[in-house]
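Here are my notes for a colleague opening this entry afresh. Please keep the structure in view while going through the points.

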Amino acid sequence: MSRWRRIAPPLVFALAVLVLWEGGVDFFRVPDILLPAPSKVVEGMVTSWPLYLRHTWPTLSEILLGYVIAMVLGTLCGMVIAFSRLLGNAIYPALVATQIMPKVAFAPLLVVWFGFGLMPKLILVALIAFFPIVINTVVALNMTMQESLYLFRSMGASAVQTFFKLRLPAALPVYFAGLKIAATFSIVGVVVAEFYSSDRGLGYLLLIEVSNGDTTRAFGSIAYLTILGLIAFGSVALIERLLVPAHMLKRFDESPAARASS
Amino acid sequence: MNFGSTLALDHVDLAVREHEFFTIVGPSGCGKSTLLLLAAGLLAPSAGALLIEGRPVRGAYTSAGIAFQHHNLLEWRSVLGNVLLPLEIRRIETEHYLARAKRLLSLVGLDGFEDHYPYQLSGGMRQRAAICRALVCDLPLLLLDEPFGALDALSREEHQLMLQDLWMRERKTVLLITHDVREAILLSDRIAVMSPRPGRILDTVQIDLPRPRRQDISETPAFIDYSRRIRAMLFARETGSGRS
């Protein structure tokens, strides 16, 4: 009953938006090239699925590889900043400053530097996903309270024990918040990179469809990109659920650190 | 002891006896928490020395259990998991200590809550779990920094008696830090009274009241007398320099 009450309002709202969209397009006779009805978009998505699928694989692999690069580098970098006071002081301000810089602005330059292959896409995805991961890793590893560290020292804990029994588990919720943000960011990166330099992928397909005036198919591409994003976010959330007790997630999703970094 | 650039403690000279319940009472900001960290070897004094059983302590002193005002329980571990943590770290998870952990939990009324998580407990229960964690390794010294400071007045009184029970059973050497004069007299064998920052020890008061003490002991003339003496010391400066 309460579960239904939680699910029903957003479902009804989404359905209402779709109905309004469908009805509005029909009523005002909006041409497809401006805004296709949702039913036509879905129809195109279903009938042209082999085409979409063919362009999904390159995009998916770019996201996956770029994301893994960002995760490895971002986590390592964050750990260095969190654990070395000198390096942290040196790197962190620059990092926060560059976080404001719009990473997608590098897309055309990446073509100049790396051409049209896989490389510029990986770099843009990695670049865009890197920052939320580093920042959240730093914040997450500094979440440990001083008194807890005192307690561990008085128990005679080694550095390894302190890391695995205290810092790491305490860091996970905020760390995963960063990973989830990065997952959604990586979709943005991949689309922009494909706009600039590609002959395959959903971003490339989207560009071609728009220039052909096939807005209906373009909406289909956007829908498939959204599904990719949901899958990326969902996979990270799933791993998080396996590793972090539920009662810790509730609290940290509302924490200012998680909010500030999003 | 220099803390940052502020002198937190000035010429503090304390000797705590074995099996004694020793309390430091003082106004907030007098450096009494610093003193506890010094006693635990978690901070190094800028001058002077800490001796335990006649030997100087260097680095963290690992033969003391500590509980702070905040419980510092690990929220991803159950109550029992938290109490067993010191055993895990010291790699002494023997049958004997496991039994001790469970016995301690039942002594403080947490039996049946072993598998609960800290977020499912009341403030007082978390504090009790934290004290069990400090006691589980059966170490000779127990350091307590305002362990009941965040509790409401009524449960604080309950917890004080519970602590007395535990202490009479276990006979650890206890160093308690508090700003609650009543709590200090109720629980202690001796009380050191500290001045405001930079903290100095004004005097040490021996409390000769029979145990076990109950809360209504605070209405006896002897208790009121101790209370008066200690308060006079604590407030001497303000009233002395002000309205006299």
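1. Start with a hairpin in chain B. Strands β9(B) and β10(B) form it, with six residues between them. Bear in mind throughout that the model is predicted.

2. Look next at how the two strands of the hairpin pair. β9(B) and β10(B), the latter covering residues 201-206, run antiparallel and share five bridges. One point to locate on screen is Arg190(B), whose bridge partner in β10(B) is Gln206(B).

3. β9(B) has another neighbour. Strand β3 of chain B, residues 21-25, pairs with β9(B) in the parallel sense, over four bridges. Here Ile24(B) stands opposite Ala192(B) of β9(B).

4. Is β9(B) enclosed or open? Of its five residues, 190-194, four are buried, so the rest of the structure largely encloses this strand. As general background, side chains in a regular strand alternate between the two faces of the sheet.

5. Now turn to chain A and its domains. The domain assignment splits off domain 1 at residues 1-30 and domain 2 at residues 36-261. The C-alpha centres of domain 1 and domain 2 of chain A are 30 Å apart.

6. Check the confidence of chain A too. Its mean pLDDT is 90, and 95% of the residues reach 70 or more. Where does pLDDT stay under 50 in chain A? That stretch is residues 252-262. For these residues the model has 16 contacts beyond four places in sequence. I would flag this stretch in any figure legend.

Terms used
Residues are numbered from 1 along each chain as its sequence is written. Chains are lettered from A and ligands numbered from 1 in the order in which they are written. This is a predicted model: local features need pLDDT of at least 70, side-chain atom pairs count only at pLDDT 80 or more; totals for chains, interfaces and linings use all residues. pLDDT is the predictor's confidence in each residue, from 0 to 100. Two residues are in contact if their C-beta atoms, placed from the backbone, lie within 7 Å. Domain bounds come from an automatic or database domain assignment. A residue is buried if 20 or more other C-beta atoms lie within 10 Å of its own, exposed if 12 or fewer, and partly exposed in between; C-beta atoms are placed from the backbone. Two strands pair if DSSP finds at least two bridges between them.
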